[in-house]
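Visitor: Please give me a close look at a single part of this structure, the part built from strands. Spell out the cut-offs as you go.

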Amino acid sequence: MKKATVILLFFMVVSPFAFSQISTIEKNALIDLYKSTNGDNWNTRWNLSDAPNTWYGITVENNTVTEINLSMNNLNGLLPATIGNLKFIKHLNLGFNKISGVIPPEMTTIKSLETIQLFMNQIEGTIPSTIGNLTNLKELVLFNNLISGYLPESIYNLKELKILHISSNKLTGLISTNIKNLKSLKTLSLFDNSMFGVIPSEIGKLTNLEELVLANNSFDGEIPSEISNLIKLETLLLNNNQFIGSINPSIEKLPQLLNFEYINNLLEVEVYTNNSTPITYNSLNPQ
């Protein structure tokens, strides 16, 4: 009888840790997310009485939440400030939902974050000025929202960033010369915003770029010849801006370039890469 009592006490003490797996703080942060985004109407709901590691879209490793993937799950509402309590999360994907409100600045305290995917929502406001605190961030994907304001200066501190995709928002302002700091970038997509000013020549230092999409903005000045340094570039979209001058011929000869659009008048030109792959684009022909 005594032995049975000891075993029972053991399970009473150990089982909460064995089955809850994550801290109360993290669990409450997830519950806040569920409630603030109308979880009862999600496509796949959580049973809040079950252990969090069984909840749809949640990955738990070493008793901490390391990933949330609730893409296309009908989240509708605001992101709670307590999302910042998920201190060990690496990947956050809430794309293709109906999330509104702003990006909580508390999110930028999660130093472990490697990917943030909030695309195809209804998020407003600005990118938090403290975004540069996320020094491990590799992907920031915010396209098709209602985000406004300038790119915060701290964004140029994200030296591990490989994908910066914030097209189809309401962004304005310039590209800073500090773009040169983002040497790991493979994709820079600012398509369909209201950004303006000249493209800094420092963009030519991003030698890992494979995709540079600046179309449908109000950029002006000359297209920097330093773009010809981007030997890995496969896509270059510059159309529907206010550029002057002509394209440097060395840009047309980039060895990997497959998709090149530069539309400022009705003169259509065909360009061929070293792989003999034709590229059709509309080019400015200064008078």
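Guide: A patch is made of residues with over 30% relative accessible area and no salt bridge; like charges are joined within 9 Å, and nonpolar side chains (Val, Leu, Ile, Met, Phe, Trp, Tyr) within 5 Å. A salt bridge needs a side-chain nitrogen of Lys or Arg within 4 Å of a carboxyl oxygen of Asp or Glu. Accessible areas follow the Shrake-Rupley method with a 1.4 Å probe, and for residues only the protein chains shown count as cover.

The model is predicted: local features need pLDDT of at least 70, side-chain atom pairs count only at pLDDT 80 or more, and totals for chains, interfaces and linings use all residues. Residues are numbered from 1 along each chain as its sequence is written, and side-chain values use heavy atoms, with hydrogens and water left out.

Now the strands. Strands are DSSP runs of E with at least two residues; helices are runs of H or I with at least four; both are numbered from the N terminus. Two strands pair if DSSP finds at least two bridges between them.

Take the five-stranded sheet. It is open, its pairing is parallel, and its order is β8-β10-β12-β14-β16. At the edges stand β8 (148-149) and β16 (242-244), each paired on one side only. Three bridges link β14 (residues 218-222) to β16, in the parallel sense. Gly-221 faces its opposite number, Phe-243, in β16.

Strand β12 of this sheet also holds Phe-196. Phe-196 joins Tyr-150 and Leu-174 in a nonpolar surface patch of about 310 Å². Its relative accessibility is 33%, so Phe-196 counts as partly exposed. The classes are: buried under 20% relative accessible area, exposed over 50%, partly exposed in between (1.4 Å probe, protein chains only).

Just before β12 comes a loop. Asp-192 sits there, between β11 (187-189) and β12 (194-198). Its phi is near 60 degrees, a positive value in a residue other than glycine. Asp-192 has a relative accessible area of 34%, so it is partly exposed.

Next, the other sheet. It is open too, with 10 strands in the order β1-β2-β4-β6-β7-β9-β11-β13-β15-β17 and mixed pairing. Its edges are β1 (58-61) and β17 (259-261); each has a single partner strand, so one side of each has no neighbour in the sheet. From one strand to the next, the twist averages 15 degrees. Angles run from 0 to 180 degrees between N-to-C directions, with axes fitted as lines to C-alpha atoms, for helices over the stretch in contact. Helix α2 (residues 24-36) packs on this sheet and touches β1 and β2 (64-69); its direction makes about 20 degrees with that of β2. Contact here means heavy atoms within 4.5 Å.

Follow the pairing from the β1 edge. β1 and β2 run antiparallel, joined by four bridges. Val-60 has Val-65 of β2 as its bridge partner. The two strands form a hairpin with two residues between them, and Asn-62 in the turn has a positive phi of about 50 degrees. Asn-63 is also in the loop between β1 and β2. Its phi is near 65 degrees, again positive in a residue other than glycine. Asn-63 is partly exposed, at 46% relative accessible area.

Beyond the hairpin, β2 pairs with β4 (residues 91-93) in the parallel sense over three bridges. There Ile-68 has Leu-92 as its bridge partner in β4. Further along, β13 (residues 211-213) and β15 (residues 235-237) are parallel, with three bridges. Val-213 stands opposite Leu-237 in β15.
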